[in-house]
Structure formats: structure tokens, C-alpha cells
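Trainee: I would like us to take a close look at a single part of this model, and then to see how that part sits in the whole chain.

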Amino acid sequence: KLEYLVSRPVFKTKDKFYKDKMQEVDDLVQKLSSHYKRLLTQDFNHYDKLIGQLEQLSPLMTLKRGYSLVTTAQDKMVKSIQDVEAEQMLHITVSDGTFTAKVYEKEK
């Protein structure tokens with residue numbers, strides 16, 4: 001039985017068998033690496049898209065479009081003309097800083 005087993009092609013061409021198996025392993029590693037890189041690229045693209053969407057919703061982006069944030073001296077947001085009184089000081093925040101303004105009169 002031993003002679004029979006030793007005479008089998010796998011033992012006679014063990015180097016070729018080993019090389020073939022190593023090539024299969026290399027091919028599988030290459031496929032795995034390629035698939036992993038593709039998944040990472042898809043994930044990065046998805047994250048970039050989500051970040052872009054978040055930036056569009058950012059209050060800072062709204063300020064960059066020309067809007068401002070107006071608060072009273074007590075840090076209450078001014079949402080309506082009814083939130084301010086004549087002679088009141090307001091803090092106005094724009095995209096590149098904050099300044100103070102005084103209300104002289106109200107118009108409806």
C-alpha cells in the first residue's frame with residue numbers, strides 16, 4: 001500500500017501540486033483584496049455624500065449664503081419683530097463674525 005501511495009501522481013509531482021495550490025491561494029488573496037478595496041471605496045463615497053448632506057444642513061452654511069443669526073443680549077433668538085423693542089441691543093452673527101446693533105425703531 002505504501003508503494004502504491006508513493007507512486008500516486010501527487011507524490012511524484014509534489015512541487016507542481018504545491019505551486020498550483022499556492023497559486024490558488026494567491027488568486028483568492030487577490031480577489032479578497034480587490035473586493036475589500038471596492039467596499040472601502042463605496043463606503044468612503046457614501047460617507048462623503050452623507051457629509052455633504054450634513055454640511056448643507058449646517059447653520060454655518062446658511063450663514064455663508066447671506067443669512068444671519070440675531071439674538072438679544074440675553075441670548076434669546078430673535079424670530080419675530082415682536083421679540084425686539086426700540087433701543088434694545090442685538091447681537092448679529094454672520095458667516096465671518098458677530099457684531100452688535102441697536103434697534104432704533106420697528107416697522108410692521
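Trainee: In what order do the strands of the open sheet lie, and is their pairing parallel or antiparallel?

Mentor: A word on the source comes before the sheet. This is a predicted model, in which local features need pLDDT of at least 70 and side-chain atom pairs count only at pLDDT 80 or more, while totals for chains, interfaces and linings use all residues. Residues are numbered from 1 along each chain as its sequence is written, and side-chain values use heavy atoms, with hydrogens and water left out.

The open sheet has 3 strands in the order 1-2-3, and the pairing is antiparallel; strands are DSSP runs of E with at least two residues, helices are runs of H or I with at least four, both numbered from the N terminus, and two strands pair if DSSP finds at least two bridges between them. Strand 1 (69–72) and strand 3 (97–102) are the edges, and because each has a single partner strand, one side of each is left without a neighbour in the sheet. From one strand to the next, the twist averages 25°, with axes being lines fitted to C-alpha atoms and angles running from 0 to 180 degrees between N-to-C directions. Strand 2 (residues 89–94) pairs with strand 3 over 6 bridges in the antiparallel sense, Met89 having Lys102 in strand 3 as its bridge partner, and a hairpin of 2 residues joins strand 2 to strand 3.

The largest nonpolar core consists of 5 residues, Val70, Val84, Leu90, Ile92 and Val103; such a core is a set of buried Ala, Val, Leu, Ile, Met, Phe, Trp, Tyr and Cys residues joined through side-chain atoms within 4.5 Å, where buried means under 20% relative accessible area with a 1.4 Å probe, protein chains only. Leaving aside residues up to four places away in sequence, Val70 touches Lys76, Met77, Val78, Leu90, His91 and Ile92, a contact being heavy atoms within 4.5 Å.

As for the whole chain, the protein has 4 helices and 3 strands, which follow the pattern α-α-α-α-β-β-β along the sequence. Buried residues account for 9% of its 108 residues, and the C-alpha atoms fill a box of roughly 110 × 20 × 20 Å along the principal axes.

Note on methods: Buried < 20%, exposed > 50% of the residue type's maximum accessible area, 1.4 Å probe, protein only.
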